[in-house]
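Student: Please take a close look at a single part of this model, beginning with one short stretch and then working through the surroundings in a connected account. I would like each term to be given with its cut-offs.

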Amino acid sequence: YLIGDFLNLSRIQTGRFELEKTPISLSRLIGEEIDQLRQSAKARNVSLLYNAPSDFPEVAIDETKIRQVMMNFIDNAVYYAKPEGGEVLIVLEKQRDAVIFSVKDNGIGVPTQARRHLFTKFYRAENAKKARPDGTGIGLYMAKRVVVAHGGSIIFESKEGEGSEFGFR
């Protein structure tokens with residue numbers, strides 16, 4: 001996924017960033033991403049909570065790019081959740097004519113002064129650098145670019161010390 005993020009970053013900078021949309025089951029995609037992260041979450045004593053909606057309609061998206069967005073949001077939530085007894089709630093729902101995907105954690109949250117920079121290229125909040133020194137600062141930047149390219153919008157709420165919610169509509 002990191003390689004994919006850097007390739008997409010390069011494509012954005014050269015004007016070659018394109019979407020290849022096909023009808024996809026988001027519910028299935030989320031389940032697959034959760035399965036990939038379950039071991040990492042277990043090692044950190046973090047619970048992944050997801051009730052897959054039944055009968056969720058397929059949506060036309062670029063599967064690879066949206067998969068990267070979901071993986072980024074869930075992976076970040078696992079790492080920034082409380083190290084003992086952390087919880088990550090993943091929600092997929094349909095509201096009127098919108099699909100909403102969100103990931104909520106009960107972790108470190110984002111400091112107020114960092115929020116306006118959060119979706120810029122290579123930016124990382126100080127508390128995030130301490131909690132996870134190996135981050136690149138391109139995951140949220142790419143997530144926003146991918147979601148906006150799909151005609152969507154980013155969901156973001158946070159309280160420092162209480163947790164964050166990231167997602168898309």
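**Burial, packing and backbone**

Tutor: In helix α5, residues 139-149, the residues G139, L140, Y141, M142, A143, V146 and V147 are buried, where buried means under 20% relative accessible area, exposed means over 50%, and partly exposed lies in between (1.4 Å probe, protein chains only). Helices (H or I, at least four residues) and strands (E, at least two) are DSSP runs numbered from the N terminus. The model is a predicted one, in which local features need pLDDT of at least 70 and side-chain atom pairs count only at pLDDT 80 or more, while totals for chains, interfaces and linings use all residues. Residues are numbered from 1 along each chain as its sequence is written, and side-chain values use heavy atoms, with hydrogens and water left out. After α5 comes G151, with a positive phi near 85 degrees.

The part that rewards the closest look is α2, residues 26-43, a helix of 18 residues that reaches 26 Å from its first C-alpha to its last, close to the 26 Å expected at 1.5 Å a residue; the expected span is 1.5 Å times one less than the number of residues. Within α2 there is a kink of about 45 degrees, centred on L37, the bend at a residue being the angle between axes fitted to the seven residues ending there and the seven starting there. L37 is also one of the buried residues of α2, together with L26, S27, L29, I30, E33, I34 and A41. These buried residues pack against β1 (22-24), β2 (46-50), β3 (59-61), α3 (63-80), β4 (86-95) and β5 (98-105), with contact taken as heavy atoms within 4.5 Å.

Among those partners, α3 deserves separate treatment. It has 18 residues and reaches 25 Å from its first C-alpha to its last, close to the 26 Å expected at 1.5 Å a residue, and 15 of its 18 residues are buried, so α3 is largely enclosed by the rest of the structure. Two packed helices are described by the angle between their axes and the distance between the axes. For α2 and α3, the axes come within 10 Å and cross at roughly 40 degrees, the axes being lines fitted to C-alpha atoms, for helices over the stretch in contact, with angles from 0 to 180 degrees between N-to-C directions. The crossing of α2 past α3 is right-handed, that is, the near helix is turned clockwise from the far one by less than a right angle, an anticlockwise turn being left-handed. On the α2 side the contact is made by L26, R28, L29, I30, E32, E33, I34, Q36, L37, S40 and A41, and on the α3 side by E63, I66, R67, M70, M71, I74, D75, V78 and Y79. The residues of this contact divide into 12 nonpolar, 2 polar and 6 charged, where Ala, Val, Leu, Ile, Met, Phe, Trp, Tyr, Cys and Pro count as nonpolar, Asp, Glu, Lys and Arg as charged, and the others, Gly among them, as polar.

Residue V78 of α3 leads on to V88 in strand β4, whose contacts beyond its neighbours within four places in sequence include V78, A77 and A81 as well as L48, L49 and V103. V88 is buried, with a relative accessible area of 0%, and its C-alpha is 4.5 Å from that of D105, 17 residues away along the chain.

Most residues other than glycine have a negative phi. N45, in the loop between α2 and β2, instead takes a positive phi near 60 degrees, and is partly exposed, with a relative accessible area of 40%. R96, in the loop between β4 and β5, likewise has a positive phi, of about 50 degrees, although it is not a glycine; R96 is exposed, at 82% relative accessible area.

Towards the later part of the chain, R124 lies in the loop between β5 and α4 (126-131) and is buried, with a relative accessible area of 12%. Beyond its neighbours within four places in sequence, R124 is in contact with Y80, K129, R132, P133, G135, T136 and G137. The C-alpha atoms of R124 and T136 are separated by 7.9 Å, the residues being 12 apart along the chain. T136 itself is found in the loop between α4 and α5 and, at 31% relative accessibility, counts as partly exposed.
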